[in-house]
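Hi,

Here is the structure I said I'd pass on. Have a look at it first, and my notes follow underneath.

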Amino acid sequence: MGFLQFSLLLFTVALLTSTALSDLILSKVDRRIDLTSQIVRITSTLKVENPDSNPVSEVLVAFPERQAKNLAYLTATLHGGKGKAKTSAATLPVEVANPEGKPQGLNFYSVSLQKELVKGDSLTLDVLAVFSQALQPFPEKITQAEVQLGLFQESAHYLSPYVVKVVLPEGSRDIAVSSPFPVKQSEEVQAAVQQVDSIIYRCLTLHEKLESSLRNLSRTGDVQACKAARKTADASLKELSKELKPLMAFLQSSPAASQLLPKVEELVAKERELQERLMTKHSAVVDGYEKKSGGRDIENRVAAQQQKIAALRQELEDILEFIDEI
Ligand SMILES: *[C@@H]1O[C@H](CO)[C@@H](O)[C@H](O)[C@H]1NC(C)=O
């Protein structure tokens, strides 16, 4: 596929003047925008510092509404090293947030930290945002012989509710922020794989909803709401599985897809397995609540399932990364 991945070191801030937000500082922001496919992946590495004395347990990230409406997947991980540290890096829960004094036109998401960030401490977060339909064809109409360009608009400002103190490396005054690039229109296979990718990302978002409904359950004890959340997620997952069928049939029948096919099939199979395990875990937890089992008891019952889920999720993300890099 493509190669246009560029790195921006960002230096400007959009400061939101809300006193409700904590006084965290972003001391480093590195944003990589991958425009090699129809699916736009923005990875932001944020170094977050807490110079204040109050321990902080969440970090907010913000997106303009026009971007947020295309947000297919958002995940945050603690920035570990490579190898072992990387695979053990836990995905942190991300929820929609409505901080007090939230400006119009912005959507906020709250990343829950596993460990509070205390005074003088810092941590580095990798935030991956995946957008579907974020590319506009450019120009909109072309003849067959022409190369279709995609236009992606993004600003050099890093939008954050926190103060950003970033030192610019020397000589980096000119920063390219939007770049038309070629997308070969004839490559239907590529397009199909990207659609599969995008569907899997939507599945991952639904998985996260399931997890979030369990967190809600442990907070509120509302079994009915939790069951309703599972029903909704289940219906949406079934819809997505229907959407996958014609795409997979097309890929299976296309000689041009033969090399990629095993990976794509593996991706779909892993998602299915993950989905099944999540549903099993969900039922077991809800069941435990209905039977008024103790929290420890429920945890023990789903511990093995939980381990497998974490491993599968990692495998799935690795395959997605692999496919995205082709
Ligand atoms: C969890 O609870 C919050 C409010 O308490 C609600 O907005 C959200 O939709 C719930 N999530 C799920 C998946 O049920």
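**Around the ligand**

Helix α3, residues 188-220, gives the largest share of the shell around the ligand, with 4 residues. Keep in mind as you read that this is a predicted model. If you want to pull the shell up in your viewer, select Lys209, Ser212, Ser213, Asn216 and Ala229. By character, the shell splits into 3 polar residues, 1 charged and 1 nonpolar.

**The sheet**

Next, the strands. There is an open sheet of 3 strands, and going across it the order is β5-β9-β8, with antiparallel pairing. Which strands sit at the edges? Those are β5 (56-64) and β8 (94-97), each of which pairs on one side only. From one strand to the next, the twist averages 35°.

I also looked at how β5 and β9 are joined. Strand β9 covers residues 106-117 and runs antiparallel to β5, with 8 bridges between them. If you'd like a spot to start from when checking the register, try phenylalanine 63, whose bridge partner in β9 is asparagine 107.

**The annotated stretch**

One last thing, this time starting from a record. An unreviewed UniProt entry lists residues 295-322 as "coiled-coil region". What does the model have there? Over residues 295-322 the chain is 100% helix and 0% strand. The C-alpha atoms at the two ends of that stretch are 38 Å apart.

That's what I have for now. Shout if anything is unclear.

Cheers

Conventions:
Residues numbered from 1 in each chain as written. Predicted model: local features only at pLDDT ≥ 70, side-chain atom pairs only at ≥ 80, totals over all residues. Near = placed C-beta within 6 Å. Nonpolar A, V, L, I, M, F, W, Y, C, P; charged D, E, K, R; others polar. UniProt positions renumbered as here; feature names shortened; annotations may be inferred. Pairing = 2+ DSSP bridges. Axes fitted to C-alpha atoms, helices over the stretch in contact; angles between N-to-C directions.
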